[in-house]
Amino acid sequence: MSANADMATLWPYLPREGIEETLEWLTGIQGSRAGEQRRALRRVPREYLRLNHIHDDATADAIRALVRANFTGPWAVPHWGQALSLGPLTATDTALAIPATLADFRVGEDVALAALGGPAKGTLVTRTVAAIAESTLTLTAPVGLDAPFAAVAPLREGRLTEPVEDTRGPGFWQASVRFLLEGGRDLAAEVLPLEGDTPLLAEPVLLSEARQGAIQRQTAYLDGATGLVAPIALTDYSERREEIAFLDATPASRWRRRQMFYSLRGRQRAFLLRPAPGETARLVRLDSDTVDIALGAGYARTAVTVVEVPA
């Protein structure tokens with residue numbers, strides 16, 4: 001988010017565990033004699049971020065008041081799905097020792113810093129990025145926070161997609177908010193090895209659940225001179241689906257997984273899948289243009305369904 005975007009209201013609340021991120025591409029698929037043709041209609045996905053909060057009555061009232069005042073307006077949303085952990089932080093620090101290339105930080109744009117411990121716990125400040133290096137994020141001004149540990153995340157402009165979901169618990173409120181983030185970039189990188197021009201996913205997966213297979217028929221429809229529409233069978237092929245999942249527990253593996261999905265662009269790009277050594281690689285694609293990422297304490301879990309496609 002640009003440091004000059006002063007009209008956006010900062011979302012100042014730190015989420016609990018259970019952050020949900022959704023990436024949504026758009027692919028046009030047409031039948032052909034070879035099976036199917038796929039066109040990427042949205043190369044940079046829409047990004048949705050759902051944040052879950054647990055608060056007391058007073059803070060729950062403050063959240064409702066803040067949302068009422070700016071429900072349809074722009075928000076400055078920390079992208080906690082890309083947050084990186086920091087060690088001890090002092091108020092005069094301008095250089096943060098983090099793997100800054102493993103998140104979507106941008107020179108000249110803002111980041112959010114949150115104190116996660118000490119007297120300033122829960123305090124959130126924003127600063128502008130001056131420079132990005134492999135192991136350092138440099139800011140244009142001191143952080144102004146003292147904390148034994150903290151977190152830093154890219155700051156993005158976003159819009160609420162729905163009213164806040166409030167749930168009353170014994171002595172607390174749980175609030176869930178969902179933002180559509182704006183200003184996305186294409187983060188694709190060729191992180192998978194290639195066999196010819198086709199990416200090969202040959203790493204173990206967390207889960208492999210077979211789904212029912214089917215026979216798929218591709219059909220074209222021709223408008224004859226008499227005005228009648230005639231169906232023309234192009235090809236038949238078997239279609240098998242299965243669910244696979246990934247559990248990424250380090251910043252490097254989480255960033256690599258994000259780059260992998262960006263390079264596949266939803267259903268647009270096929271890849272070879274070999275989930276276990278010795279198995280025959282199968283040509284598959286994602287079965288949906290939507291990828292859901294569940295983020296917990298230090299890990300990201302992504303489950304997707306893949307479908308075999310004709311070679």
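The expected span of a helix is 1.5 Å times one less than its number of residues, and this is the yardstick with which we can begin to look at helix 2 in this predicted model. Helix 2, which runs over residues 251–264, has 14 residues, and from its first C-alpha to its last it reaches 20 Å, close to the 20 Å expected at 1.5 Å a residue. Just after helix 2 comes Arg265, whose phi is positive, at about 55°.

How much of helix 2 is covered? A residue counts as buried when its relative accessible area is under 20%, and by that cut-off helix 2 is mostly covered, with 10 of its 14 residues buried. Among them are Arg254, Trp255, Arg257 and Arg258, and the run from Gln259 through Met260, Phe261, Tyr262 and Ser263 to Leu264 is buried as well.

From the helix we can turn to the empty space inside the protein. Rolling a probe the size of a water molecule over the atoms shows where such space is left. The structure holds two cavities of 30 Å³ or more, and the largest cavity contains about 170 Å³ of space. Of the 15 residues that line the largest cavity, those closest to its centre are Gly81, Arg254, Trp255, Arg258 and Leu295; Arg254, Trp255 and Arg258 have already appeared above as buried residues of helix 2.

Which elements give two or more residues to this lining? They are helix 2, strand 21 (290–295) and strand 22 (300–308), and helix 2 gives the most, with five residues. Sorted by class, the lining of the largest cavity has eight nonpolar residues, three polar residues and four charged residues.

How values were computed. Residues numbered from 1 in each chain as written. Predicted model: local features only at pLDDT ≥ 70, side-chain atom pairs only at ≥ 80, totals over all residues. Heavy atoms only, no water. Helix = DSSP H or I, 4+ residues; strand = E, 2+ residues; numbered from the N terminus. Buried < 20%, exposed > 50% of the residue type's maximum accessible area, 1.4 Å probe, protein only. 1 Å grid on protein atoms, 1.4 Å probe; cavity = no way out; pocket = protein on both sides within 12 Å on 5 of 7 lines; lining within 4 Å. Points joined across faces, edges and corners; volume = space filled by probe spheres on them. Nonpolar A, V, L, I, M, F, W, Y, C, P; charged D, E, K, R; others polar.
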